[in-house]
Amino acid sequence: MKKTKNTSGRGQRDLTVKVKTARGRSISSTRWLQRQLNDPYVKRAQAEGYRGRAAFKILEIDEKYRFLVPGARVLDLGCAPGGWLQVAVRRVNALGERSGKKVGRVLGVDLQEVEPLPGAEVHQLDFMEDDADIKVKDWLGGKADVVMSDMAAASSGHKQTDHLRIIALCEAAAYLSFDVLEEGGTFVAKVLAGGAEGELQKLLKQKFTKVANYKPPSSRSDSSEKFVVATGFRG
């Protein structure tokens, strides 16, 4: 790797890491690695102890819509590696560290094993199983106030196919939320812009009082991802 530097008008150095294309590494993977190494959110995540830059997405979404409140019960679908869980644990006071505030509960489920996280209960589960809603409510000790998902289907390399896959995944998550959310609850999920999300929007508008789309600042500008935020579940 090679570092180059530019000097700003204030005498501070702005270091940009450049990655050489190595044998066996494609140009696209080299670009991805260079982007990761120079991404300020990746550096912030490392500095602040988050498991990934995606933690800032849910932080920014919650700053705008305020659903991760002390005492809330939260379900995180596809929770690996756990960055969203970390944010939820702190904001809903799952560890009881904020005296005088209600203590929340945080549950994460994923197909793969996830490293344990203090304040969160994590299970390996396919949320599309027939009895997934029963298991979730049992683990939470009741219904959820928030169901959130940063899931994305495995990339096929074909933009329209990937769009359809993630919309289908988001719809499946929405249907689970209808079974496990408390009245007045919130559903947050990642989608990809591409034209097929109209039916999802229609479905959510039938079940929630307000449905909005939001692209947080930490979402890369060259990404087609956005987040649907549905609030006021009608039950």
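## Exercises on a predicted model

The axes of helix 6 and helix 7 (residues 198–207) approach within 11 Å and cross at roughly 10°. The structure is a predicted model, and the exercises below work from its atoms.

### Exercise 1. Packing of two helices

Determine how helix 6 and helix 7 are oriented to each other, and identify the residues through which they meet.

Solution. Step 1: the crossing angle of the two axes is roughly 10°. Step 2: angles under 35 degrees count as roughly parallel. Step 3: helix 6 and helix 7 are therefore roughly parallel to each other. Step 4: on the side of helix 6, the residues involved are Cys170, Glu171, Ala174, Tyr175 and Phe178. Helix 7 meets them with Glu199, Leu200, Leu203, Leu204 and Lys207.

### Exercise 2. The nonpolar cores

Describe the largest nonpolar core, state which helix gives the most to it, and examine the contacts of Leu204 and Leu77.

Solution. Step 1: the largest nonpolar core holds 35 residues, and those with the most contacts inside it are Leu75, Leu77, Val147, Phe187, Leu204 and Phe208. Step 2: helix 6 (residues 159–180) gives the most to this core, namely 9 residues. Step 3: beyond residues up to four places away in sequence, Leu204 touches Ala174, Phe178, Phe187, Val211 and Val228.

Step 4: Leu77 lies in strand 3 and is buried, its relative accessible area being 0%. Apart from neighbours within four places in sequence, its contacts are Val109, Phe127, Val147, Met148, Ser149, Asp150, Met151, Ala173 and Leu176. Leu77 and Leu176 stand 99 residues apart along the chain, yet their C-alpha atoms are separated by 10.0 Å. As background, nonpolar side chains in soluble globular proteins tend to be buried together.

### Exercise 3. Cysteines

Establish how many disulfides the structure contains, and whether Cys79 and Cys170 are buried or exposed.

Solution. Step 1: a search of the whole structure returns 0 disulfides. Step 2: a residue counts as buried under 20% relative accessible area. Step 3: Cys79 has a relative accessible area of 3% and is therefore buried. Step 4: Cys170 has a value of 3% and is buried.

### Exercise 4. Backbone geometry

Locate the cis peptide bond from Ala80 to Pro81, and compare the settings of Arg66 and Asn93, residues with positive phi.

Solution. Step 1: most residues other than glycine have a negative phi, and most peptide bonds are trans. Step 2: the bond from Ala80 to Pro81 is cis, with omega near 5°. Pro81 belongs to the loop between strand 3 (73–77) and helix 4 (83–91).

Step 3: Arg66, which is not a glycine, has a positive phi of about 55°. Arg66 sits in the loop between helix 3 (55–65) and strand 3. Step 4: Asn93 has a positive phi near 65° and is found in the loop between helix 4 and strand 4 (105–110). Step 5: Arg66 counts as exposed at 53% relative accessibility, whereas Asn93 counts as buried at 2%.

### Exercise 5. The chain as a whole

Summarise the secondary structure, burial, contacts and exposed surface of the protein chain.

Solution. Step 1: the protein chain contains 7 helices and 9 strands. Step 2: of its 235 residues, 44% count as buried. Step 3: among contacts with a separation of 6 or more, 60% join residues 24 or more positions apart. Step 4: the chain exposes about 12,700 Å², of which carbon and sulfur atoms supply 48%.

Terms used
Residues numbered from 1 in each chain as written. Predicted model: local features only at pLDDT ≥ 70, side-chain atom pairs only at ≥ 80, totals over all residues. Heavy atoms only, no water. Core = buried A, V, L, I, M, F, W, Y, C linked by side-chain atoms within 4.5 Å. Buried < 20%, exposed > 50% of the residue type's maximum accessible area, 1.4 Å probe, protein only. Helix = DSSP H or I, 4+ residues; strand = E, 2+ residues; numbered from the N terminus. Contact = heavy atoms within 4.5 Å. Disulfide = S-S within 2.5 Å. Areas by Shrake-Rupley, 256 points an atom, 1.4 Å probe, with all protein chains shown as cover. Axes fitted to C-alpha atoms, helices over the stretch in contact; angles between N-to-C directions. Parallel < 35°, antiparallel > 145°, perpendicular 65-115°, else oblique.
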